[in-house]
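Q: Pick one part of this model and give me a close look at it. Then walk me outward into the surroundings, with the cut-offs spelled out as you go.

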Amino acid sequence: DNDKSSRKDWEKAYTEGLKLLGLQYEERTEPWNGACGVFHPMITEAVVRFQSEAITETFPAQGPVRTKILGKQTPDKQAAAVRVENDLNYELTEVMKEFRPEHERMLWSLPATGSAFKKVYFDPSLGRQVSMFIPAEDMILPYGTTELDTCYRVTHVMRKTENDIKKLQVAGFYRDVELGEPDKNQTDIQKAKDKETGFSDIDDGRYSLYESHVDLVISDDPLVEKDDDGEPVGIALPYVVTLVRGTNTIVAIRRNWKEDDDLRLKRQHFVHYQYIPGFGAYGFGLFHLIGGFAKSATSLMRQLVDAGTLSNLPGGLKSRGLRIKGDDTPIAPGEWRDVDISSGALRDSILPLPYKEPSTTLYNLLNTIVEEGRRFAATADMKVSDMSAQAPVGTTLALLERQLKVMTAVQARLHYSFKQELKLLVKIIEDYTDPDYDYQPEEGRRTARKED
């Protein structure tokens, strides 16, 4: 509860930012029914471009894994590096069918929200390793956390059906306890997502579970270090505690370190991807960085469209005695209507309001805001045509490199986090899966997979 309360302002910015994506057209009644409800696609454009560039950068067709030999190179190391690279690429492209779709979902969420997570674990029901995307709102981190390895409490909000929980209870992974009724409360972020994507809040019967990776003192654990008198030392050690939200029924407590590890180091299951590292536990995304630009651009676009509507179909005042056939409907082009006028000229009975054409000043201001927002989001296209045709190639490449420095830094962070994810996958393959290779890319002896 403390962790959730500490990120209230972050959740508010997240919820407001979802509206700026403009995935749904807004039906407006102010200042009149049918007023323009379009959103400027500044953030959506940046998100789509980032996702498209990042997926081709991190997941080429032949596979994303490259190996590097640390230290002295030997023929055995070089041969093992080739085998490991081929095997991992085979696993990611052929065996783990969910990997690329989950990675693309992560790349869509990352630039918008600033943080996205992957959970890497061995799934006993599939008999293999999996890597699943976790949106930032489903990872609850304590205030002041800078990185996951030293974080003393990480909570993953999971949603499971009753049947999924029963399977885990029968398998002995969860305790055989009564679950009660599922908690139906929805977060503001989920409500905003449902509204933008066109889904409705229908009770699907899923339970919400908190899986907390937390440091605890459990004196009854036989693996807890004891002093000379046989009493627990009292140092908090890493555990994974799973409880049902609403009833707080604990369904599992498990050690989160290897039994033969004398240091009791926490086993890591999560990878944190950040767009721009921020002050606290979560990174900054486009919602935070250019949300104000997108909101202003949306407001100016609507004003310009509404001004054009009023200019093309102006309204005004008419005298009470003036009767026009069908005066409740706008006059179509080429249409003439009958008018009953008591006396005087027709122009004396009608007063059009002084609506102006869309303002050139507003249009220039809109272009300025859009240009600044795109430049800040590093999505502005460089106008190569404006450069001198006589410029040397080196100068052109230097200018391109300078313009792409921000996105290069973001992709460098992406590569670093992806490397940590692949390392977690390697450990799971080493610890849990078959000792021999499933995939033999070339002729030769079958070398032990675990050894490689």
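A: Start with L313: at 49% relative accessibility, this residue counts as partly exposed, the class between buried (under 20% relative accessible area) and exposed (over 50%), using a 1.4 Å probe and protein chains only. L313 sits in the loop between α9 and β9 (316–318), and its C-alpha lies 9.6 Å from that of Y355, although 42 residues separate the two in sequence.

A quick word on the ground rules. This is a predicted model, so local features need pLDDT of at least 70 and side-chain atom pairs count only at pLDDT 80 or more, while totals for chains, interfaces and linings use all residues. Residues are numbered from 1 along each chain as its sequence is written, and side-chain values use heavy atoms, with hydrogens and water left out.

For the wider setting, the chain has 12 helices and 12 strands; these are DSSP runs numbered from the N terminus, H or I with at least four residues for helices and E with at least two for strands. Of its 452 residues, 37% are buried. Among contacts (heavy atoms within 4.5 Å) with a separation of 6 or more, 67% are between residues 24 or more positions apart.

Now to the helix just before L313's loop. Two packed helices are described by the angle between their axes and the distance between the axes. Helix α9 (residues 291–312) and helix α10 (residues 360–376) have axes that come within 9 Å and cross at roughly 155°. The axes are lines fitted to C-alpha atoms over the stretch in contact, and angles run from 0 to 180 degrees between N-to-C directions. The pair α9 and α10 is therefore roughly antiparallel; the classes are roughly parallel under 35 degrees, roughly antiparallel over 145, roughly perpendicular from 65 to 115, and oblique for the rest. The crossing of α9 and α10 is left-handed, meaning that the near helix is turned anticlockwise from the far one by less than a right angle, with clockwise being right-handed. On the α9 side, F293, S296, A297, L300, M301, Q303 and L304 make the contact, and they meet L362, Y363, L365, L366, I369, V370, E372 and G373 of α10. Sorted by class, that gives 11 nonpolar, 3 polar and 1 charged residues, where Ala, Val, Leu, Ile, Met, Phe, Trp, Tyr, Cys and Pro are nonpolar, Asp, Glu, Lys and Arg are charged, and the others, Gly among them, are polar.

There's another helix pair to set beside this one. Helix α3 (residues 42–58) and α5 have axes that come within 9 Å and cross at roughly 140°, so these two are oblique to each other, and the crossing is right-handed. From α3, the residues T44, V47, V48, F50, Q51, A54, I55 and T58 meet R100, H103, E104, L107, W108, L110, P111 and A112 in α5. That contact divides into 10 nonpolar, 4 polar and 2 charged residues.

Helix α5 itself (residues 99–113) has 15 residues and spans 21 Å from its first C-alpha to its last, close to the 21 Å expected, which is 1.5 Å times one less than the number of residues. Its buried residues are F99, E102, H103, M106, L107, S109, L110, P111, A112 and T113. After α5 comes G114, with a positive phi near 95°.

Just ahead of that helix, E98 lies in the loop between α4 (75–95) and α5. E98 is buried, with a relative accessible area of 15%. Setting aside neighbours within four places in sequence, E98 contacts R128, Q129, V130, S131 and M132; its C-alpha is 7.8 Å from that of S131, 33 residues apart in sequence.

Back on the α3 side, A54 turns up again: Q411 touches E53, A54 and E57, not counting residues up to four places away in sequence. Q411 belongs to helix α12 (residues 405–432) and is buried, at 15% relative accessible area.

Finally, some loops. F279, between β8 and α8 (286–289), is exposed at 82% relative accessible area. Most residues other than glycine have a negative phi, and most peptide bonds are trans. N248, in the loop between β6 (237–244) and β7 (250–255), has a positive phi of about 60° although it is not a glycine. R264, in the loop between β7 and β8 (270–274), has a positive phi of about 55° and is not a glycine either.
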